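Let's take a walk through this protein together, going from its pockets to its helices and then to its loops. Have the viewer open and follow along.

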Amino acid sequence: MVRGPALTQTMWTADEIARLCYEHYGTRLPKKGKPEPNREWTLLAAVVKVQLVADRACGGSNRPTQVTKEVVSMGTGTKCIGQSKMRKSGDILNDSHAEVIARRSFQRYLHYQLHLAAALKEDSIFVPGTQRGLWKLRPDLLFVFFSSHTPCGDASIIPMLEFEDQPCCPVSRDWANNPSVEADGNLEAPENKKKCEDLGSPVTKKMRLEPGIPDGVGHHQSFGNQESGPIPPSISGSNLTTQELATVTGMAPSGAKVVDVYRTGAKCVPGEAGDSGKPGAAYHQVGLLRVKPGRGDRTCSMSCSDKLARWNVLGCQGALLMHLLEKPIYLSAVVIGRCPYSQEAMQRALTGRCQNVSALPKGFGVQEVKIQQSGLLFEHSRCTVQAKRADSPGRLVPCGAAISWSAVPEQPLDVTANGFPQGTTKKGIRCLQARSRISKVELFRSFQKLLSSISEDKWPDSLRVQKLETYHEYKEAASAYQEAWSVLRKQAFGSWIRNPSDYHQFK
């Protein structure tokens with residue numbers, strides 16, 4: 001595995017990253033798109049730039065440095081659209097989970113930073129690479145990914161201990177089989193007063209909202225020290241009733257009884273072995289690729305656990321920007337907010353499934369990303385809102401809107417619902433105004449605008465060898481990226497759901 005910069009060990013703490021993101025959410029994001037008080041909840045994700053800045057007041061090569069931390073992209077959201085609502089024009093957001101919104105917002109930020117670099121502005125995060133037309137990140141910075149909750153899918157399948165204070169509703173046995181339930185990325189069961197503890201009681205309020213060690217962290221933080229380590233792809237489909245049940249039990253403190261696992265609403269993809277559905281800790285199989293659920297209409301969106309694992313090999317920049325980059329843009333660390341959490345499950349989901357991937361093209365590699373949890377709660381998380389609302393009437397529901405924010409000077413905000421800018425009518429869908437700034441077609445237009453600002457004689461070879469027109473053609477021409485993606489699919493993610501190419505033929 002490729003190790004991240006050693007600087008990560010001393011440049012920040014998990015609580016510093018979480019606090020910065022929560023403050024940014026509270027001060028820089030508008031009320032529009034945020035959850036309705038005491039009735040809705042949402043998830044939050046962000047990318048934070050961490051940079052070493054030399055103290056210019058002191059001369060010499062050994063000048064002291066200070067660390068700056070800046071949120072450069074942010075996303076909220078809990079929804080996906082079903083397969084029937086997908087569009088071949090690239091103007092709808094298929095996946096509006098917070099992690100995906102934050103990553104697409106980050107791509108928008110990278111576009112802007114490459115604009116600065118191409119204009120030879122000194123304040124860009126990019127500097128010229130060794131080959132014509134290519135850029136690379138400055139060596140004095142790195143990126144940390146934050147999410148207020150464990151990503152949906154494999155990372156959310158964690159043991160539930162007999163003596164453990166339950167931070168949210170206990171798991172409903174039939175929840176993961178209920179197609180009408182739309183998951184956030186979630187470990188919790190749906191609203192059910194008969195099965196929920198009294199969240200309005202002073203004891204449970206104190207347990208949930210007091211600062212300090214996250215619920216469950218004391219139980220699960222030491223998983224990375226297990227001898228078994230992350231579960232490799234070769235046994236990822238095994239059932240938790242035998243060998244894997246021993247692994248789950250091994251996550252627990254000595255003598256603790258694993259009575260169940262937290263469930264994920266994400267469904268196994270076709271071609272993967274399915275969940276057993278058996279009661280208790282054997283309910284799920286671990287290590288599998290999963291798709292996000294929808295309301296009856298199956299989605300084609302892979303789980304956030306799967307997407308983060310993919311970004312950890314291919315980078316966060318996507319295929320288009322690889323035309324202009326010497327190396328992929330990797331995350332140095334992932335920080336999770338206060339919620340049910342397992343260090344072992346996070347490592348298994350994000351790095352363990354890909355740890356044996358080899359023969360990747362130059363510049364690509366499986367990153368040894370640092371994974372930590374903060375003890376700080378997100379104010380609009382499901383658990384926080386649930387604890388505060390006490391006996392308020394009505395159901396607690398996920399917020400239908402998603403907010404995108406990018407550190408760019410023009411129109412940094414984007415609020416969407418059902419994949420389109422909030423307030424878009426059926427008649428208005430075909431208008432240019434009815435496109436999210438982080439939709440495929442708009443990011444493609446941003447990329448084309450970036451290219452037009454660079455003289456063709458300074459373009460990289462990948463853009464000069466043939467005339468490219470469609471989104472699909474530009475993506476496929478990023479040969480090193482496509483080779484890396486092909487290797488990853490063959491060696492680890494063979495059942496990954498890919499959209500047909502006719503969904504990428506727009507210009």
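**A guided tour of helices and pockets**

Start with a pair of helices: H7 crosses H13 in a right-handed sense. Their axes lie 10 Å apart, and the packing angle is about 130°. That value makes H7 oblique to H13. Keep in mind as you look around that this is a predicted model.

Stay with H7 for a moment. Is this helix mostly covered or mostly open? It is mostly covered, as 11 of its 11 residues are buried. The buried set runs through Cys-304, Ser-305, Asp-306, Lys-307, Leu-308, Ala-309, Arg-310, Trp-311, Asn-312, Val-313 and Leu-314. Charged side chains are therefore part of the buried set, since Asp and Lys count as charged and Asp-306 and Lys-307 are both on the list. Just past the end of H7 you meet Gly-315, which takes a positive phi of about 90°.

One of the H7 residues, Ala-309, also gives us a link to another helix. Arg-348 sits in helix H9, which covers residues 343-350. The C-alpha atoms of Arg-348 and Ala-309 are separated by 9.5 Å, while their positions lie 39 residues apart along the chain, counted as sequence separation. Arg-348 has a relative accessible area of 1%, so it counts as buried.

Now to the pockets. The largest pocket holds about 890 Å³ of space. Its lining is made of 39 residues, and those nearest its centre are Arg-104, Arg-310, Lys-440, Lys-475 and His-504. Arg-310 is a name you have already met, as one of the buried residues of H7. Which elements build this lining, with at least two residues each? They are helix H3 (98-118), helix H7 (304-314), helix H8 (318-322), helix H11 (440-452), helix H12 (471-476) and helix H13 (479-491). H3 gives the most, with 5 residues. Sorted by class, the lining has 18 nonpolar, 12 polar and 9 charged residues.

The second largest pocket has a volume of about 670 Å³. It is lined by 21 residues, and Arg-108, Glu-410, Gln-411, Arg-437 and Ser-446 are the closest to its centre. H3, strand S19 (413-417) and H11 are the elements that give two or more residues to this lining. Here H11 gives the most, with 5 residues. By class, the lining of this second pocket has 6 nonpolar, 6 polar and 9 charged residues.

Two of the helices that line the largest pocket, H8 and H13, deserve another look. Met-322 belongs to H8. With a relative accessible area of 11%, Met-322 is buried. Its C-alpha atom is separated by 9.9 Å from that of Gln-482, although Met-322 and Gln-482 are 160 residues apart along the chain. In H13 you will find Gln-491. This residue counts as partly exposed, at 36% relative accessibility. Gln-491 and Val-357 are 134 residues apart in sequence, yet their C-alpha atoms are 6.0 Å apart in space.

Another enclosed helix is H10, at residues 382-389. Why is H10 described as largely enclosed by the rest of the structure? The reason is that 7 of its 8 residues are buried. These are Arg-382, Cys-383, Thr-384, Val-385, Gln-386, Ala-387 and Arg-389. After H10 comes Ala-390, with a positive phi near 50°.

Positive phi values also turn up in loops, so let's finish there. Asn-38 is not a glycine, yet its phi is positive, at about 60°. You can find Asn-38 in the loop between helix H2 (14-28) and strand S2 (40-41). Its relative accessibility is 42%, so Asn-38 counts as partly exposed. Leu-120 is also a residue other than glycine with a positive phi of about 60°. Leu-120 lies in the loop between H3 and strand S7 (126-128). Is Leu-120 buried or exposed? Leu-120 is exposed, with a relative accessible area of 69%.

Note on methods. Residues are numbered from 1 along each chain as its sequence is written. This is a predicted model: local features need pLDDT of at least 70, side-chain atom pairs count only at pLDDT 80 or more; totals for chains, interfaces and linings use all residues. Side-chain values use heavy atoms; hydrogens and water are left out. Buried means under 20% relative accessible area, exposed over 50%, partly exposed in between (1.4 Å probe, protein chains only). Helices (H or I, at least four residues) and strands (E, at least two) are DSSP runs, numbered from the N terminus. On a 1 Å grid over the protein atoms alone, a cavity is a set of points where a 1.4 Å probe fits but cannot get out, and a pocket is an open set with protein on both sides within 12 Å along at least five of seven lines; lining residues have an atom within 4 Å of a point. Grid points are joined across faces, edges and corners, and a volume is the space filled by probe spheres set on the points. Axes are lines fitted to C-alpha atoms, for helices over the stretch in contact, and angles run from 0 to 180 degrees between N-to-C directions. Angles under 35 degrees count as roughly parallel, over 145 as roughly antiparallel, 65 to 115 as roughly perpendicular and the rest as oblique. A crossing is left-handed if the near helix is turned anticlockwise from the far one by less than a right angle, and right-handed if clockwise.
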